[in-house]
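Hi,

Here is the model I said I would pass on. Have a look at it first, and then read on for what turned up.

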Amino acid sequence: MSQHPEDDSEALAERKMRFLFHLRSHGVTDPRVLAAMERIDRGEFVRGHFEDRAYDDTPLPIQCGQTISQPSVVGLMTQALNPAPRDKVLEIGTGSGYQAAVLSGLCRRVYTVERHRPLVSEAEALFQRLRLSNITVRLADGSYGLPEQAPFDRIIVTAAAEDPPGPLLAQLKIGGIMVVPVGQSDAVQTLIRVNRTDTGFEYHELRQVRFVPLVEGLGAG
Ligand code: SAH
């Protein structure tokens with residue numbers, strides 16, 4: 001705590017400005033995405049002694065041995081997903097809830113699926129506290145998508161699969177976009193964008209990334 005409260009808010013504003021500048025210089029240029037990331041405070045999604053690193057462009061550990069993604073990667077994935085205001089979006093891998101919170105300001109409805117129960121409970125409580133009322137969190141194995149809410153305009157997978165899971169491709173609308181890291185789980189993976197057209201699927205490679213693996217079944221505890 002500094003002596004003058006305005007010092008704190010000035011420091012915060014300065015940190016936020018640097019954060020946004022950094023995102024821009026790393027290719028996050030869509031003004032809607034930048035505005036959504038400006039509104040969501042990453043500090044809310046990072047706990048304990050990593051809290052003061054919330055504005056660093058680095059992944060950080062969260063509960064259940066998982067990670068909150070690097071902000072520039074969240075920005076680039078959101079930009080590639082290009083959600084429209086009327087869209088229904090599915091996220092696989094809620095984790096801290098940060099990516100879902102960023103998406104909530106850019107589309108009509110976000111469904112986010114997580115296999116670890118403690119992460120589901122924490123994310124639900126946080127969304128309620130932040131009044132992000134268009135996000136629904138589900139405890140499930142996201143490899144199967146969310147059939148009861150399908151089809152989706154957009155699907156974002158924030159854990160690495162060897163290939164885009166078939167059920168997720170099937171739950172994507174024609175004209176829809178999916179963003180997913182693919183490759184061996186213990187190596188660097190390739191982030192790809194899948195566009196579903198009238199006749200099939202088009203695949204575009206975006207960049208190298210490193211995500212925790214998409215794991216089958218529910219987590220213990
Ligand atoms: N999007 C998150 C980061 C995700 S880390 C954020 O913004 O913080 C990847 C998450 O995917 C982890 O929480 C992991 O538990 C979850 N996950 C892995 N395999 C899964 C599966 N089959 N179904 C649902 N969630 C899964």
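How far does a polar side-chain atom of Asp141 lie from a nitrogen atom of the ligand? The distance is 2.8 Å. Bear in mind that this is a predicted model, and the distances here are computed from it.

Asp141 has company around the ligand. Glu91 also puts a polar side-chain atom by a ligand nitrogen, at 3.0 Å. With Gly142 the backbone does the job: one of its N or O atoms lies 2.7 Å from a nitrogen atom of the ligand. The protein covers 99% of the ligand, counted against the 580 Å² of accessible area that the ligand has on its own.

As for the site itself, the ligand takes up the space of the largest pocket. Three elements each give two or more residues to the shell: strand 2 (67–68), helix 4 (98–104) and strand 4 (109–114). There are 27 residues around the ligand, and those that come nearest are Ser96, Glu114, Asp141, Gly142 and Val215. Sorted by class, the shell has 13 polar, ten nonpolar and four charged residues.

Zooming out, the protein chain has six helices and nine strands. Its C-alpha atoms fill a box of roughly 60 × 40 × 35 Å along the principal axes. The radius of gyration is 17 Å, which agrees with the value near 17 Å that a compact globule of 221 residues would have.

If you only have a minute, start at Asp141 and Gly142, both among the residues that come nearest to the ligand.

Cheers

Methods
Residues are numbered from 1 along each chain as its sequence is written. This is a predicted model: local features need pLDDT of at least 70, side-chain atom pairs count only at pLDDT 80 or more; totals for chains, interfaces and linings use all residues. Side-chain values use heavy atoms; hydrogens and water are left out. A residue is near a molecule or strand if one of its heavy atoms lies within 4 Å of it. A polar contact is a pair of N or O atoms within 3.5 Å; within protein, one must be able to donate a hydrogen and the other to accept it, and residues adjacent in sequence count only if both atoms are side-chain atoms. Accessible areas come from the Shrake-Rupley method with a 1.4 Å probe; for residues, only the protein chains shown count as cover. On a 1 Å grid over the protein atoms alone, a cavity is a set of points where a 1.4 Å probe fits but cannot get out, and a pocket is an open set with protein on both sides within 12 Å along at least five of seven lines; lining residues have an atom within 4 Å of a point. A molecule sits in a cavity or pocket if more than half of its atoms lie within 2 Å of its grid points. Helices (H or I, at least four residues) and strands (E, at least two) are DSSP runs, numbered from the N terminus. Ala, Val, Leu, Ile, Met, Phe, Trp, Tyr, Cys and Pro count as nonpolar, Asp, Glu, Lys and Arg as charged, and the others, Gly among them, as polar. The radius of gyration is taken over C-alpha atoms; the globule rule is 2.2 Å times the number of residues to the power 0.38.
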